[in-house]
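Good morning, and thank you for coming. Please take a moment to look at the sequence and the structure on the screen before I begin.

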Amino acid sequence: ARTYGRFEQGNPAPRRRRFRKLSKPQEFIKGLDAIYIVALALTVYILFFRVVVVVGPSMYDTLVHGDRVVLLSSKICGEPQQGDIVVCSKESFEDGNCFIKRVIAVEGQEVDINFETGVVFVDGVALQEDYLHSPTLRDEGIKFPITVSEGHVFVMGDNRMESLDSRSNSIGFIDKREVLGRAVFLMLPGYDEENDIRDFSRIGVIG
């Protein structure tokens, strides 16, 4: 029988795979591609996402002092909507330092507060605020009812007795251009001093 080297005709020798070796220029270009991808990812993150640290108890229980949250830029999430948790920066308040609150009403909506019962009304309808830690019993100086002016939002903290917000003349309405973005994800919980715990089960989407 005819043979081919050491293998019989019925069992031909397996072909060896040939691996094409990249030249140095090709390796360099491939390395540049990886750098560009990383640079693009960092650019997207810097432009559209931020990690912010919650300071103070004004958003308790929803957010705790020291929480690290991911902020989605207003360039992506669009205009703030009622119920959104947003980070704002107002030049006339604490030299533009950032603060985090919940949007209670948007432009054109009427806000009223019964400071005896702690109930907040928007356009005459009582809000169901299951997220509250303390009721809205503190009058900070703004006279109600009040209609949110065009291009602005009305914000308050979830811990109303410990929050300085749109009820106060020092803050008032927030211009939409002063809203940096919406808090969307809790990535690292702060230490909850009231419950003496760092609760990692809180990690996730912010409601």
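Let us start at one pair of residues: Asp112 stands opposite Phe121 in strand β8. The two strands that meet around this position, β7 and β8, pair in the antiparallel sense over 4 bridges. I should say at once that this is a predicted model.

The pair β7 and β8 belongs to an open sheet of 4 strands, in the order β9-β8-β7-β10, with antiparallel pairing. At its edges are β9, residues 125-126, and β10, residues 146-147, each of which pairs on one side only.

I turn now to strand β11, residues 152-156. How many of the residues of β11 are buried? The strand is mostly covered, with 5 of its 5 residues buried. From β11, His152, Phe154 and Met156 point one way, while Val153 and Val155 point the other way. This agrees with a general pattern: in a regular strand, side chains alternate between the two faces of the sheet.

Which strands pair with β11? One is β6, residues 98-106, which pairs with β11 in the antiparallel sense over 4 bridges. Within that pairing, Val155 of β11 is the bridge partner of Val103. Another is β12, residues 174-175, which pairs with β11 in the antiparallel sense over 2 bridges. There, His152 stands opposite Asp175 of β12.

Next, the interior. The largest nonpolar core has 13 residues, and those touching the most other members are Val111, Ile113, Phe144 and Phe154. Strands β6, β7, β8 and β11 each supply at least two residues of this core. A second, separate core has 12 residues, including Val52, Val54, Val87 and Ala183. In general terms, nonpolar side chains tend to be buried together in soluble globular proteins.

Ile113 deserves a closer look. What is Ile113 in contact with, leaving aside its neighbours within four places in sequence? The list is Val119, Val120, Thr136, Phe144, Met156 and Arg167. Among these, Met156 is one of the buried residues of β11 that we met earlier.

Finally, a word on confidence. The protein averages a pLDDT of 85, and 78% of the residues score at least 70. Over residues 1-10, however, pLDDT stays under 50, and the model has 3 contacts beyond four places in sequence for that stretch. Where pLDDT is low, the predicted coordinates should not be read in detail. I therefore ask that residues 1-10, with pLDDT under 50, be viewed with that caution in mind.

Thank you for your attention.

Methods. Residues are numbered from 1 along each chain as its sequence is written. This is a predicted model: local features need pLDDT of at least 70, side-chain atom pairs count only at pLDDT 80 or more; totals for chains, interfaces and linings use all residues. Side-chain values use heavy atoms; hydrogens and water are left out. Buried means under 20% relative accessible area, exposed over 50%, partly exposed in between (1.4 Å probe, protein chains only). Two strands pair if DSSP finds at least two bridges between them. A nonpolar core is a set of buried Ala, Val, Leu, Ile, Met, Phe, Trp, Tyr and Cys residues joined through side-chain atoms within 4.5 Å. Contact means heavy atoms within 4.5 Å. pLDDT is the predictor's confidence in each residue, from 0 to 100.
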